[in-house]
Amino acid sequence: MFFSPSTQINMNINKMELTPILLLGFILLLSICQTSANKYQKLAAANEGLEDQSSLLTYIVHVEKPSLQSKESLDGWYNSLLPAATIKTQNQQRVIFSYQNVMNGFAVKLTPEEAKALEEKEEVLSIRPENILSLHTTHTPSFLGLQQSQGLWINSNLGKGIIIGILDTGISLSHPSFSDEGMPSPPAKWNGHCEFTGERICNKKLIGARNFVTDTNLSLPFDDVGHGTHTASTAAGRLVQGANVFGNAKGTATGMAPDAHLAIYKVCSSSGCPESATLAGMDAAVEDGVDVLSISLNGPTNPFFEDVIALGAFSANQKGIFVSCSAGNFGPDYGTTSNEAPWILTVGASTTDRKIEAIAKLGNGEKYIGESVFQPKEFASTLLPLVYAGSVNISDNSIAFCGPISMKNIDVKGKVVLCEEGGLVSQAAKAQAVKDAGGSAMILMNSKLQGFDPKSDVQDNLPAALVSYSAGLSIKDYINSTSTPMATILFNGTVIGNPNAPQVAYFSSRGPNQESPGILKPDIIGPGVNILAAWHVSLDNNIPPYNIISGTSMSCPHLSGIAALLKNSHPDWSPAAIKSAIMTTAYEVNLQGKAILDQRLKPADLFATGAGHVNPSKANDPGLVYDIEPNDYVPYLCGLNYTDRHVGIILQQKVKCSDIKSIPQAQLNYPSFSILLGSTSQFYTRTVTNVGPINMTYNVEIDVPLAVDISIKPAQITFTEKKQKVTYSVAFTPENIVNRGDKEISQGSIKWVSGKYTVRIPISVIFV
């Protein structure tokens, strides 16, 4: 506890009669007190400085592009812009990051008053407080059609020579997924470095690692969360045989691009991802020479000139770097996507056809298929008494969630307990609470919103089965129908071949795009549910070096790795061409050949799937691509009604939109259409580039959206040369309003078909 430096000790001596000895003692006491007071005042003054530091906010500052080139000169200039009061601060570095590649500016700690003073500087374009962004395999390669010595893996050399930059929570560098056995040296262009020292250093696989997080006890880029190790190994982990979690999902773990190099940028801790650190990581990655950036982070929807990931990704894109980002975990509500800029590949999450099956068997013989990673062999499958936690005290709804406190007063000894998902209690915490209360097993029912989400926490506390919401309702009905409800759990281990796969994960964020409605988001979906990948190695031997987790954070690195394969296979393709190849070859159906569903078994629309589910082998040979040159984004940005200053922040140069012929959002040469259709027709063009054989003729096929008339000219296009470009026009005309009924959205597609090639782009129409 610190006292105010103005605190004083008042001693009343007027009424005391002092003898010489007492006087001498009193003088000595005063001397001691004075010495202590002096020391205290110095300590208090120091603490006052510390308190000032803790009250400072981190601001992101955009400035006019300086003529200075060296980092030292830039740092000096940035410091010179700060208000005079900040220079007087002792033992404190106010500028925490300066940026050279992804934006013109710096991150600085200021008081609100100091920030206001800095904003008035002529050189300052904008200043705002930073936000904290949030973090959002053994089977997925084969599910995606990637096989050793075949197809894309052989054509791309497993990603050899490509550098994938991972912005996340760091890395567990001793994990076998990051072995460099047989790896070549990094490419000559590599300009990064490794902060690990001593016995634990980087290698030919893990070629760089840097830490930009200042709010943690770890000064090196070690992963103390696990998230970064998981995403890195998903993108580019080496082949490791026998990977499993509690004996399930056993197989050879590998990333999408197992021979690609990895560069790690720690920008997140368990408390989140500061924007200033995220920008610094992206700035360093561009400087270091990465080919692909994988960013499983997201924040709230902001204008692109205030969105640090959009800003950094734009600069990366201009330098030929492919950027893949997670769509967010805020589904199934509409309008929840993050990372919405058109120069980013925005990735939603889907299921695979693998289940780790656990069956809830009731006393009446009914069985309900669920999932559970922990499947103890010693658990007997005999029927036990069954109880619904929520029926113990119907006046307290929280008991149904089986929280640690609520379960203390429930007698469940030797019983199977039915609990409900949610209530801000993790699955592992529910299992532990049931176990602590004497329960023998748990059946966990999903919420109505989730439907059937087989996403399971890895816990080894209690035998359990996670079942669907509808199954949970049926189990409740059974409990209420008999005086002696009974149940048990049957474990079937790893089961391959779910015919409904892939399904869109319930949590995967949905469009439409809030910042730019004329661009369809997400772009694509990929595996993101129950993904097995490397985990940070713990001193606790009970924690396995692999983990199974879910999120769009898991689907993003799948696409990052696939992009690395494509970049190796086609080194002349731009980031936009790679994105187009991924999107135009995506598939729209599940393993049964039927339309993709979500986990509520409802049809998944384009705001959930984007172009569809990634198909890596097809993406390697798409026939045609919709390419976008870096300068093509300028008229698009001016068409967003941003000010010249705002567009200049994104471009890192001055711009005058009145001198530029701006375009509507849907006119950008994007491999999809997102149309807001009123009562009048709209006209756009698209340009396709031939990356397939010459002398090929394509004919158009239109899946016409409900209540919309579409005409395309020409209806046939022929290519006689490689890289030949052809432009076609598209007219969207609304039909009679009666034809659409109460529909607010409609969807369809445009396909260019020639022999083995079908080049498809989706069409989303919102009636306004």
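**Disulfides and salt bridges in the predicted model**

Cys202 has a relative accessible area of 15% and is therefore buried. Its bonding partner is Cys194, and the two sulfur atoms lie 2.1 Å apart in this predicted model. Cys194 itself is partly exposed, at a relative accessible area of 24%, so this disulfide pairs a buried cysteine with a partly exposed one. The torsion about the S-S bond of Cys194 and Cys202 is about 75°, which means that the link is right-handed.

The structure holds four disulfides, and another of them joins Cys268 to Cys273, with an S to S distance of 2.0 Å. This link is also right-handed, with 110° about the S-S bond. Both of its ends are out of reach of the probe by the computed values: Cys268 is buried at 0% relative accessibility, and Cys273 is buried at 0% as well.

A further disulfide connects Cys638 and Cys657, again with 2.0 Å from S to S. The two cysteines come from distant parts of the chain, 19 residues apart: Cys638 belongs to helix H16 (residues 633-638), while Cys657 sits in the loop between helix H17 (644-651) and strand S27 (673-677). Here the torsion about the S-S bond is about -75°, so the disulfide is left-handed. Cys638 is buried, with a relative accessible area of 8%, and Cys657 is buried too, at 13%.

When the bonded cysteines are numbered in sequence order, the pairing reads 1-2, 3-4, 5-6, 7-8. Cys325 takes part in no disulfide; its nearest cysteine sulfur belongs to Cys556, 6.0 Å away. That separation is too far for a bond, which explains why the sulfurs of Cys556 and Cys325 are not joined. Cys325 is buried at a relative accessible area of 0%, and Cys556 likewise counts as buried at 0%.

Turning to charged side chains, a search of the whole structure finds 14 salt bridges. One of them pairs Glu114 with Arg94, whose closest N and O atoms are 2.8 Å apart. This pair links distant parts of the chain, 20 residues apart, with Glu114 in helix H4 (residues 112-119) and Arg94 in the loop between helix H3 (84-87) and strand S2 (95-99). Glu114 is buried at 11% relative accessibility, and Arg94 is buried at 7%.

Asp523 and Lys521 also meet in a salt bridge, at 2.7 Å from N to O, and both residues are buried. In the salt bridge of Asp598 and Arg600, the N to O distance is 2.8 Å. Salt bridges with shared partners bring Arg510, Asp598 and Arg600 together in one network. Within this group, Asp598 is buried at 3% relative accessibility, whereas Arg600 is partly exposed at 29%.

Notes: Residues are numbered from 1 along each chain as its sequence is written. This is a predicted model: local features need pLDDT of at least 70, side-chain atom pairs count only at pLDDT 80 or more; totals for chains, interfaces and linings use all residues. Side-chain values use heavy atoms; hydrogens and water are left out. A salt bridge is a side-chain nitrogen of Lys or Arg within 4 Å of a carboxyl oxygen of Asp or Glu. Helices (H or I, at least four residues) and strands (E, at least two) are DSSP runs, numbered from the N terminus. Buried means under 20% relative accessible area, exposed over 50%, partly exposed in between (1.4 Å probe, protein chains only). A disulfide is a pair of cysteine sulfur atoms within 2.5 Å.
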